[in-house]
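The following questions and answers examine a single protein model, shown below. Each answer proceeds from the evidence to the value or name requested.

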Amino acid sequence: MLSWPFFRVDSLNDTVIAVTVNRSLRTAAAVLLFTAIRTSAHHAFAAEYDENKLITIAGSVTKFEWINPHALLLVDGTDSEGKTGRWKFEMGSPGALESQGWKKTDLKTGDRIIVEGYAAKDRSNMASARRVKLADGRRLFGGSQCTPGNPSRFPTR
């Protein structure tokens, strides 16, 4: 016979059930713990970037890293106010970028591009990429699923 929250075992059959239930509960607790840790480690868009401060940087690609969880783009460029410097843009994951038409080889060191993105709240030269005009003239969405303006969030028919 089983009683909750403590198990009382009256026979061998009940022992097998008690062990199975106990193991299942421990497994579920472990999965929940690891999921919570991973979720809290991943930042929210609104925590780092200002949705109301859209910036545009024109310049040259210095580095493009096609890595998880977010691709990274470094650009030496100038903003619309004439401020020059090296800008770091956080982009979507490689899988999300591919679904928007990107290829790993689309950006090469030295390519002249224009990047539109949401400025970091800490006013550093960092932003969340929204749209990138490539050297060949194509314009691709460069953000992640939670980036404002994501065309896949509001598909058109």
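## Aromatic pairs, salt bridges and backbone

Q: How many aromatic pairs does the count come to?
A: The model is a predicted one. Ring centres must lie within 6.5 Å for a pair to be counted. By this rule, the number of aromatic pairs is two.

Q: Is the aromatic pair of F64 and W66 stacked, tilted or edge-to-face?
A: The ring centres of F64 and W66 are 5.9 Å apart, and their planes make an angle of 70°. Planes over 60 degrees apart fall in the last of the three classes. Both residues are buried. The pair of F64 and W66 is therefore edge-to-face.

Q: Which residues do ring pairs link into a cluster?
A: F64 and W66 form an aromatic pair. The cluster linked by ring pairs also takes in W102. Its members are F64, W66 and W102.

Q: How many salt bridges does a search of the whole structure find?
A: Side chains of opposite charge can pair when their charged atoms come close. One salt bridge joins E65 and K63, at 2.9 Å from N to O. D106, D136 and R138 are linked in a network of such bridges. For the whole structure, the search gives a total of six.

Q: Why does E65 count as partly exposed?
A: The class of partly exposed residues lies between 20% and 50% relative accessible area. K63, the salt-bridge partner of E65, is partly exposed at 40%. E65 also counts as partly exposed, because its relative accessibility is 24%.

Q: How many residues apart are R130 and E116, whose side chains meet in a salt bridge?
A: The side chains of R130 and E116 meet at 3.7 Å, N to O. This pair links distant parts of the chain, with R130 in strand 5 and E116 in strand 4. Their separation is 14 residues.

Q: Is R130 buried or exposed?
A: A residue is buried if its relative accessible area is under 20%. The value for R130 is 18%, so this residue is buried.

Q: Which strands does the salt bridge between E116 and R131 tie together?
A: E116 and R131 meet through their side chains at 3.6 Å, N to O. The two residues are 15 apart in sequence, so the pair ties together separate parts of the chain: strand 4 and strand 5.

Q: What is the omega of the cis peptide bond from N68 to P69?
A: Most peptide bonds are trans. The bond from N68 to P69 is cis, and P69 lies in the loop between strand 1 (49–65) and strand 2 (72–79). Its omega is near 5°.

Q: What is the phi of R123?
A: Most residues other than glycine have a negative phi. R123 lies in the loop between strand 4 (112–120) and strand 5 (126–133), and it counts as exposed at 76% relative accessibility. Its phi is positive, with a value near 65°.

Q: In which order do the elements of the protein chain run from the N terminus on?
A: The protein chain has three helices and six strands. From the N terminus on, the order is α-α-β-β-β-α-β-β-β.

Q: Over which residues does pLDDT stay under 50?
A: The protein chain averages a pLDDT of 82, and 71% of the residues score at least 70. In one stretch pLDDT stays under 50, and there the model has one contact beyond four places in sequence. That stretch is residues 36–41.

Key:
Residues numbered from 1 in each chain as written. Predicted model: local features only at pLDDT ≥ 70, side-chain atom pairs only at ≥ 80, totals over all residues. Heavy atoms only, no water. Helix = DSSP H or I, 4+ residues; strand = E, 2+ residues; numbered from the N terminus. Buried < 20%, exposed > 50% of the residue type's maximum accessible area, 1.4 Å probe, protein only. Salt bridge = Lys/Arg side-chain N within 4 Å of Asp/Glu carboxyl O. Phe/Tyr/Trp six-rings, centres within 6.5 Å; stacked < 30°, edge-to-face > 60°. pLDDT = per-residue confidence, 0-100. Contact = heavy atoms within 4.5 Å.
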